[in-house]
Number of protein chains: 2
Amino acid sequence: MSSPNRLLARRAGIDTYQQPVVYMRSDCDVCRAEGFQSQAQVELIANGRHLFAILHQVSGDWLRNDEIALSEAAWTLMGAVEGEELVVRHPPVLDSLAHLRNKVHGGRLDYAALRALMEDVSRGRLPDIHLASFVTVCAGRGLDLDETVALTRAMVDVGERIDWGTSPVMDKHCIGGLPGNRTTLLVVPIIAACGLVMPKTSSRAITSAAGTADVMETLAPVDLDLAAMRRVVEREGGCIAWGSAMRVSPADDMLIRVERPLGIDSEGLMVASILSKKAAMGSQRVLIDIPVGALAKVRSDEAASQLSRSLVSVGAALGLHVRTVFTDGNQPVGRGVGPALEAMDVMAVLERTADAPSDLRERALLLAGLLLELAGKAAPGTGNALARAVLDDGRALARFIAICEAQGGLRVPPKAAHTHCVTAPAAGVVSGIDTRLVARMAKLAGAPRDPAAGASMHVRVQDRVDRGQPLFTLHAESLGELQYALSFVRSQLPVVRVEAAP
Amino acid sequence: MSSPNRLLARRAGIDTYQQPVVYMRSDCDVCRAEGFQSQAQVELIANGRHLFAILHQVSGDWLRNDEIALSEAAWTLMGAVEGEELVVRHPPVLDSLAHLRNKVHGGRLDYAALRALMEDVSRGRLPDIHLASFVTVCAGRGLDLDETVALTRAMVDVGERIDWGTSPVMDKHCIGGLPGNRTTLLVVPIIAACGLVMPKTSSRAITSAAGTADVMETLAPVDLDLAAMRRVVEREGGCIAWGSAMRVSPADDMLIRVERPLGIDSEGLMVASILSKKAAMGSQRVLIDIPVGALAKVRSDEAASQLSRSLVSVGAALGLHVRTVFTDGNQPVGRGVGPALEAMDVMAVLERTADAPSDLRERALLLAGLLLELAGKAAPGTGNALARAVLDDGRALARFIAICEAQGGLRVPPKAAHTHCVTAPAAGVVSGIDTRLVARMAKLAGAPRDPAAGASMHVRVQDRVDRGQPLFTLHAESLGELQYALSFVRSQLPVVRVEAAP
């Protein structure tokens, strides 16, 4: 059907997160001819490039009648060029929506259905409300083991898959952010120093005060493409890179954009999300750290055990050897919360300084020891000692520095311009630390945007404190942000709970 | 917590449908201080007015650092004034989300939970992804009778409720649009002419070529507020007004905005949607027309029976006397499809012209007769004859004209500038008419935006036709739109299927 539905592309400069949005005048010929309404989905076409986007109609004069403005996500995904002609039309009806409706009404999803769904999800063809519906039905109706395996496989198959040409390829993952839990920066050099291959990709912070990639970035460049990663791994056995450049399990990235604001957890989706990324990244033996705590993502040993069984079974079906370990998720790990402050903790452990946080060190040794056993480098029960030796004799530090140099050069983490210390209002015992409030105050102080911002914790649960003894210090780049974080601390339940000593 | 999170309001002139969106520079103080990201939900406050909105961040220079731009929905809901100071902050966590999650994970929803949910829904506090999640879980887990009753009650209770001060108050409703099914314009004057009260509100087209309000508007003003409606009903016993001005069951309006694009049907939601509007509008005895057909919303007699049982039971719990009737949903009703063309069919039936469409007439008499029996105005089995008498002796026409005059004055429906007749390619029998394609081609021709645009159907299923005999005529205000609708017709499966006669 030939039609005059062409408009000239313009960059709107509006960030709609990952949901592509386009802006058209409600009185333009295309809207009139096609009967488009605001919030309708439209398809853009230009020279074989396609994109599905949500329409927001515009009045007023910032857009001409022959123009279509694209949000940042739409601009990037379309690969649009200023002023080029775009055809705008009604999108075809997607088969995958029938599969979604089938699941809503009690049917089961097989690989073909999930493959079609993940194909459309990864290409951005499903608007947020359909993604929310899919997440809801996965949580509500649940995914059985076969469905979870099929979903994981489908997520892998619609993206790139990396082959490192070696075996075993080691990996680790931590479920649910615990402030300061930066074991990756210690585990990777220990494992690599033992001659194993561990090409680790990590995320930046989304809701936390720092992601592993943010912390590593204060010590070395992390924005590596696959070729750069390969060079680092070939030379040093390991790397700690930002995972976003790789197009592995792209459907997972799209689902996460609605899972977080929706706040609805689906075990099947979580397992598929984690393992699809690992399988697509070419990992073969994976250790998964599950912090368990009242405010953690996993709140009981029973829940952790069930999740663990699912991870191990689905991993096996995908050809991944998965092992899990349950750790304490009730308080921050180490002292620092925020990119640079966490990096300093890591360096203190690697450099074996007298004040290095022992909880971070012990967690890293536990994980590294289990990975060495999982790799067959250490007999069962002996991994921890091997890891300890590699850390204590300086080989881990040397390897970490070598990895940083290979990634583009070791850096010194920045220090914040302003600090403020919060002290105990009375003598007593620290009865609890609210990990969510810790993350929130570190973010209000500027983390992770300002890498030096955040908080350093001076006490741990069960510590006895005197009146006026430092509990934690806020770090910020501006006095305004320091004040802002501080007024948040004062308006909340105590971040660090001190109870009168018995 | 005092903070400098104030920005000056500006109208963005962007229509985001009902989802309120605000635009802020990503580098403005408020985004920096609060750590807002695109797609985050924010709360706006000014002089006791509150609004929850989704944030889209802006770069480029159309917005200043001290400004916040509001989409049309946000502007209207907030009642914002150009240049006024708005406080922007993180919204509080909503209790209703815990209820939603509870239902997702298999719990049941009681009145208190549904009331909290509908309160937040009606106030626009839930973003579209949460609405989509609620719709999905209602469809997937289902709502039992108690939950459906509680939901209906909650929808009524969070909005206005109208009392007409009389009894019985009659009403009718049709489930799922069938092109041309404009019985309301005939039923209301018949019922009112019999001395009953029928204050009918109708919707405009959303996905169809014409809503009842669009059709009525070609004959009389429909944009009445409650006071105007009362005056019309007091004088004439009935009215046919556009329902949108009334704030009845506002939560339902919000849910519909995601139900339609989501395309997921929930019987419980549908029942609550229909009956909450009726109860809030003060209706007492309601006849519900359920067209059944392969392409209709309800596709089988079994489905119609189940829906009917649910409507009657939930209605009874709400104090509504509900009766249902199943009708043929397999082809358009009357000839016209589009506001003015349908209005002409209605006038022909009222004026008893020789070529008045008899199917529309008979459907209206069936419904009017059942309503007269439901009101106790006619003994069982005699309603149809009474309705027929009132139509045939001109009382219905006189009352319809009186209602139009009371609503602001009778109008003559417009005629389209251009028409094109599509004829039978070969002799045969009409074996089917695709009601969805009929609606689509009428919309492409300009309906309902151009009230005169649409289609008039010249044949019905089972008719014998000769080669070249007219099947339907397209009506449009511009040659371009006529061409556009025509090229759609030619690119599709036949709108009217003609099979070789046996």
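**Entry 1: the cavity**

I began with the lining of the largest cavity, and I found A:Thr136, A:Val137, A:Gly140 and A:Arg141 there, along with B:Thr136, B:Val137, B:Gly140 and B:Arg141. A reminder to myself: this is a predicted model. Next I looked up the volume of this largest cavity, and the value is about 40 Å³. How many cavities of 30 Å³ or more does the structure hold? I counted 1.

I then checked which helices supply the lining. Helix H5 (128-140) of chain A and helix H5 (128-140) of chain B each give at least two residues to the lining of the largest cavity. Sorted by class, I have 2 nonpolar, 4 polar and 2 charged residues in that lining. My background note here: rolling a probe the size of a water molecule over the atoms shows where empty space is left.

**Entry 2: the two copies**

With both chains in that lining, I wanted to know how chain A maps onto chain B. I get a rotation of 180° with 0.0 Å of shift along its axis, and the RMSD of the superposition is 0.0 Å. The two copies are therefore related as by a two-fold rotation axis. I also looked at the contact residues: 100% of those in chain A recur in chain B, so I can say that the same surface serves both copies.

**Entry 3: domains of chain A**

I wrote down the division of chain A for later use:

- Domain 1 covers 6-89.
- Domain 2 is made of 93-157 + 247-273.
- Domain 3 is made of 170-244 + 281-407.
- Domain 4 covers 418-499.

How many Å separate the centres of domain 1 and domain 3 of chain A? Over C-alpha atoms, I have 43 Å.

I also checked the UniProt record. An unreviewed entry there places "domain: Pyrimidine nucleoside phosphorylase C-terminal" at residues 429-496 of chain A. That span is 34% helix and 28% strand, and I find its end C-alpha atoms 10 Å apart.

**Entry 4: backbone oddities**

Background first: most residues other than glycine have a negative phi, and most peptide bonds are trans.

Where did I find cis bonds? One joins A:Ser167 and A:Pro168, with omega at about -5°. I placed A:Pro168 in the loop between helix H6 (145-157) and strand S8 (170-174) of chain A. Another cis bond joins A:Ala447 and A:Pro448, and omega is about -5° there too. A:Pro448 sits in the loop between helix H17 (435-444) and strand S16 (454-457) of chain A.

Last, I looked at B:Asn47. Its phi is near 50°, a positive value in a residue other than glycine. I located B:Asn47 in the loop that runs between strand S4 (41-46) and strand S5 (49-58) of chain B.

Key. Residues are numbered from 1 along each chain as its sequence is written. Chains are lettered from A and ligands numbered from 1 in the order in which they are written. This is a predicted model: local features need pLDDT of at least 70, side-chain atom pairs count only at pLDDT 80 or more; totals for chains, interfaces and linings use all residues. Side-chain values use heavy atoms; hydrogens and water are left out. Copies are superposed by least squares on the C-alpha atoms of residues with pLDDT of at least 70 in both. Contact means heavy atoms within 4.5 Å. Domain bounds come from an automatic or database domain assignment. On a 1 Å grid over the protein atoms alone, a cavity is a set of points where a 1.4 Å probe fits but cannot get out, and a pocket is an open set with protein on both sides within 12 Å along at least five of seven lines; lining residues have an atom within 4 Å of a point. Grid points are joined across faces, edges and corners, and a volume is the space filled by probe spheres set on the points. Helices (H or I, at least four residues) and strands (E, at least two) are DSSP runs, numbered from the N terminus. Ala, Val, Leu, Ile, Met, Phe, Trp, Tyr, Cys and Pro count as nonpolar, Asp, Glu, Lys and Arg as charged, and the others, Gly among them, as polar. UniProt positions are given in the numbering used here, feature names are shortened, and annotations may be inferred rather than shown by experiment.
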